Protein chains: 2
Amino acid sequence: MSSVRDGSPPPTVPLGAGVEFDTIRRFLAHGRAPHPSVAVGPGDDAAVFEGGWVLSTDLTVEDVHFRRGWASPEEIGGRAVLAALSDLAGMAARPVGVLASVAFPQEPDDAYAEAVMAGVCGAADAWDAPLIGGDLSRSPGPLVLDIVVVGQAESPCLRAGSVAGDRIWVTGALGSSAAAVRTWEAGREPSPELREAFLRPTPRISVALALAAGGRIHAMLDLSDGLAGDAGHLAAAGDLRAVIEIERIPVSEAARVALGEEVALEMALHGGEDYELCFTTASELPAADLEAAGVRLTCVGRMEQGKGVWVQSPGGELRQVTRGGFDHFAGQGG
Amino acid sequence: MSSVRDGSPPPTVPLGAGVEFDTIRRFLAHGRAPHPSVAVGPGDDAAVFEGGWVLSTDLTVEDVHFRRGWASPEEIGGRAVLAALSDLAGMAARPVGVLASVAFPQEPDDAYAEAVMAGVCGAADAWDAPLIGGDLSRSPGPLVLDIVVVGQAESPCLRAGSVAGDRIWVTGALGSSAAAVRTWEAGREPSPELREAFLRPTPRISVALALAAGGRIHAMLDLSDGLAGDAGHLAAAGDLRAVIEIERIPVSEAARVALGEEVALEMALHGGEDYELCFTTASELPAADLEAAGVRLTCVGRMEQGKGVWVQSPGGELRQVTRGGFDHFAGQGG
C-alpha cells in the first residue's frame, strides 16, 4: 500500500501508509481473541474461517492511492479489484467472490460512476470472482473503493512459518508500479509497461495455488509495501532476519530505463504495490517447478537467526534496512 | 441508508441513496451467476456461503451519513459497526467478526483517528464480533468507514419467502433516527433519546435468532430505508404487495414530541436507518413469543397479491406509496 501526496512536491518515493499509522494499526493487529471458528485472525493478509474461507478487504482512495487523471474509470475500478485479489494469492486461496463498497463523488457524472463499476465487475468476472454484494454512497470528496474478496484455500499460506536457512523468493519483476507513480508525480507520462504494471497488476493466483499444492511454501504474502517491507513482515512473523542479496533482486527493466539503476532498485525495495508474491522454501525449487510457474521465480535471499531486514552487497557486506517500506514494523522485527 | 446533504438547506426527509443510484445499483443486483458455493448472492442483505457463513458490507461516509459535529469519534466508529451488524440481524445470523476499512482525514489529529478505531473495536467486542482484519488509509476528504461483518446462520432469513396473507411485523419504534438527523440539520440539538437512536442503534440479533429458531419467519430484512422502502423490498422479493395500516405503525414517541404527528409518521415511513427488523409470518405470533422477544413486536400490515407498497388509512382507504424510501425500487415492485 503506497501513497501519493496531494498538491505537494513529488515525494522521493511513494510513502507507505505504515509509518504514520503505527498506533492505529495496533487496533487491527492486537484485537480481542477471535471467535473459535476464525482460524486466522488479524495480522495476516486475510482472515481465515472454518471451511477454508478466506476474507480480505482492500481500500483504494483517490489522491492517496491514485489520481483520476492517470487512468480511465474502468481501469480505476479494475485495479482496486486486482489489488484486493492479490491478497488471496498471498494466502494461496482461490477467488470465489467480491463485494464492492464504493463512494462516488458527484463529479464528473453518473456515467463515470457506472464506468468505475463496470471496471470492478469486469476484473471480478475475469478472475472468476463475480460481484456478490456491496454498498454504494455519494462522496463529498474523493472516489473511495473498498473491495472485499472472498476465497477458498485448502491450506492457506500464512506470514509465519519460515525457519532459519529458508530461501526467500519473489515472482515477477519489482519496482514497475512505484516507478509509474513516481513518473506521474514528476509530471511525465510513464511508459506503457510501467502504466500497465500500476493499473493492471496480475494477482499471482495460479502460481500460488501450484506452489502451495506442491507443499513447498513455508510462508507467503503478496508484495504491497515493497520487498524490504514485506520480507520484513515474513521475518517478523517467523522471529527471524531476512537477508536480501541486492544483485539478485529482479528489478524491473522498464523501471531501470525510466529512472536509472539506483532509483529503480529503491522502487523495488521500498516502492510498493508490485502485487507479486514473496515466499520462503526450505531449498531450491526444482527446475520443473520453475518452468511450470508461468512467471519468473527468483531466489532473492535467505532467512537467518536474528531480527529485521538486511541487504547484502555483491561484496558480502550486510546493511540493515531502516527506511521506506521498513520503518513501520520496526517495533516488531527491527 | 439515508443521506444528508452538504451545505444545502435541510432536506424535508433524509434522501435515500436509492433514487440517484438506480443504474449503478444494477451492477450489485444483477451480476454474473455466483460461484456454486455462494448460496445467496447479490440483492439480499448479505451474501451467504457454504457452511452458513454470512457476509455483508456497510459504508459510512462523513457529510453523507453523519456530520462530525453530531457525535464523538468513538460514537461515529461504534455506529458504523452497529449499522453493519444490523444486516446480520436481518439474516438471522450470529455475529462472528468484523473487518474495518477506514480512511482518516489528516484533521483534526491521530488521536481522533484512534478514538474512531476504539469506537469500532468497542462496538465489535460488545457484540461478540471482534475485529479480525481491515485496511487503513489517509483520506484527502471525508472520514469513510466500510465495515464488513461476518456471521453464521443455520437457516438464513431472506427477503424472498412471503406469501399472500402473511402478516408484516416490525420490532421497536420507528422514526427516531431520521428525526435526530432532521433536528440536527435544522440547526437544533435532538433529544437524548433521538440522539441515542441515531448513534447507538441496537442490532436486533437476539430476537432475530429466537424468531428464526422458532421457524416462524417467512422473510426478513433490517429497516435501513424506512418502513415503506423496506416493506417494498420484501413485497418485490415475494412478488406481492405490502399493505401497511397507518394507525398500527409504532411511530417513535420521541419523534412525535420533537417533530409533531405528521412529520414523525413521515420519518417512520421514509426516514430510514431505524435498524429495526421487518419480517413476515403466516399468522399472529403467540403471546409467549411476544413476551420472550425482549423488544416490542408490532404487526403493521399484510402481504397481498399485487405489487408495490400501499398504506391503509383508519377508514380503510388504500393509497400507493410513490415517494421517499420507495421510489428506488419502482422498477421491481411498483
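**Exercise 1. Place Val257(A) in this predicted model: which helix holds Val257(A), and is Val257(A) buried or exposed?**

Solution.
- Step 1. Find the element. Val257(A) lies in helix α8 of chain A, residues 253–259.
- Step 2. Take the accessibility. The relative accessible area of Val257(A) is 67%.
- Step 3. Apply the cut-off. Exposed means over 50%. Val257(A) is therefore exposed.
- Step 4. Add a distance. Leu131(A) is 126 residues away from Val257(A) along the chain. Their C-alpha atoms are separated by 38 Å.

**Exercise 2. Describe how α2(A) packs on α3(A): at what angle, and with what axis distance?**

Solution.
- Step 1. Recall what is needed. Two packed helices are described by the angle between their axes and the distance between the axes.
- Step 2. Locate the pair. Helix α2 of chain A covers residues 73–90, and helix α3 of chain A covers residues 110–126.
- Step 3. Read off the geometry. The angle is about 40°, and the axes are 7 Å apart. So α2(A) is oblique to α3(A).
- Step 4. Assign the hand. α2(A) and α3(A) cross in a right-handed sense.
- Step 5. List the partners. α2(A) contributes Pro73(A), Glu74(A), Ile76(A), Gly77(A), Gly78(A), Val81(A) and Leu82(A). They meet Tyr112(A), Ala115(A), Val116(A), Gly119(A), Val120(A), Ala123(A) and Ala124(A) in α3(A).
- Step 6. Sort by class. The contact of α2(A) with α3(A) has ten nonpolar, three polar and one charged residues.

**Exercise 3. Repeat the analysis for α4(A) and α9(A): what are the angle and the axis distance, and which residues meet?**

Solution.
- Step 1. Locate the pair. Helix α4 of chain A spans residues 176–185, and helix α9 of chain A spans residues 261–271.
- Step 2. Read off the geometry. The helices pack at about 115°, with axes 8 Å apart. α4(A) is therefore roughly perpendicular to α9(A).
- Step 3. Assign the hand. α4(A) passes α9(A) in a right-handed crossing.
- Step 4. List the partners. Ala178(A), Ala179(A) and Arg182(A) belong to α4(A). Across from them, α9(A) offers Val263(A), Met267(A) and Gly271(A).
- Step 5. Sort by class. The contact of α4(A) with α9(A) has four nonpolar, one polar and one charged residues.

**Exercise 4. Relate chain A to chain B: what turn and what shift lay chain A on chain B?**

Solution.
- Step 1. Recall the form of the operation. Two copies of a chain are related by a rotation about an axis and a shift along it.
- Step 2. Superpose. A turn of 180° and a shift of 0.0 Å along the axis lay chain A on chain B, with an RMSD of 0.0 Å.
- Step 3. Name the symmetry. This is the relation of a two-fold axis.
- Step 4. Find the residue by the axis. Gly141(A) comes closest of the residues of chain A, with its C-alpha at 2.4 Å from the rotation axis.
- Step 5. Compare the contact surfaces. The same surface serves both copies, as 100% of the contact residues of chain A recur in chain B.

How values were computed. Residues are numbered from 1 along each chain as its sequence is written. Chains are lettered from A and ligands numbered from 1 in the order in which they are written. This is a predicted model: local features need pLDDT of at least 70, side-chain atom pairs count only at pLDDT 80 or more; totals for chains, interfaces and linings use all residues. Side-chain values use heavy atoms; hydrogens and water are left out. Axes are lines fitted to C-alpha atoms, for helices over the stretch in contact, and angles run from 0 to 180 degrees between N-to-C directions. Helices (H or I, at least four residues) and strands (E, at least two) are DSSP runs, numbered from the N terminus. Angles under 35 degrees count as roughly parallel, over 145 as roughly antiparallel, 65 to 115 as roughly perpendicular and the rest as oblique. A crossing is left-handed if the near helix is turned anticlockwise from the far one by less than a right angle, and right-handed if clockwise. Contact means heavy atoms within 4.5 Å. Ala, Val, Leu, Ile, Met, Phe, Trp, Tyr, Cys and Pro count as nonpolar, Asp, Glu, Lys and Arg as charged, and the others, Gly among them, as polar. Copies are superposed by least squares on the C-alpha atoms of residues with pLDDT of at least 70 in both. Buried means under 20% relative accessible area, exposed over 50%, partly exposed in between (1.4 Å probe, protein chains only).
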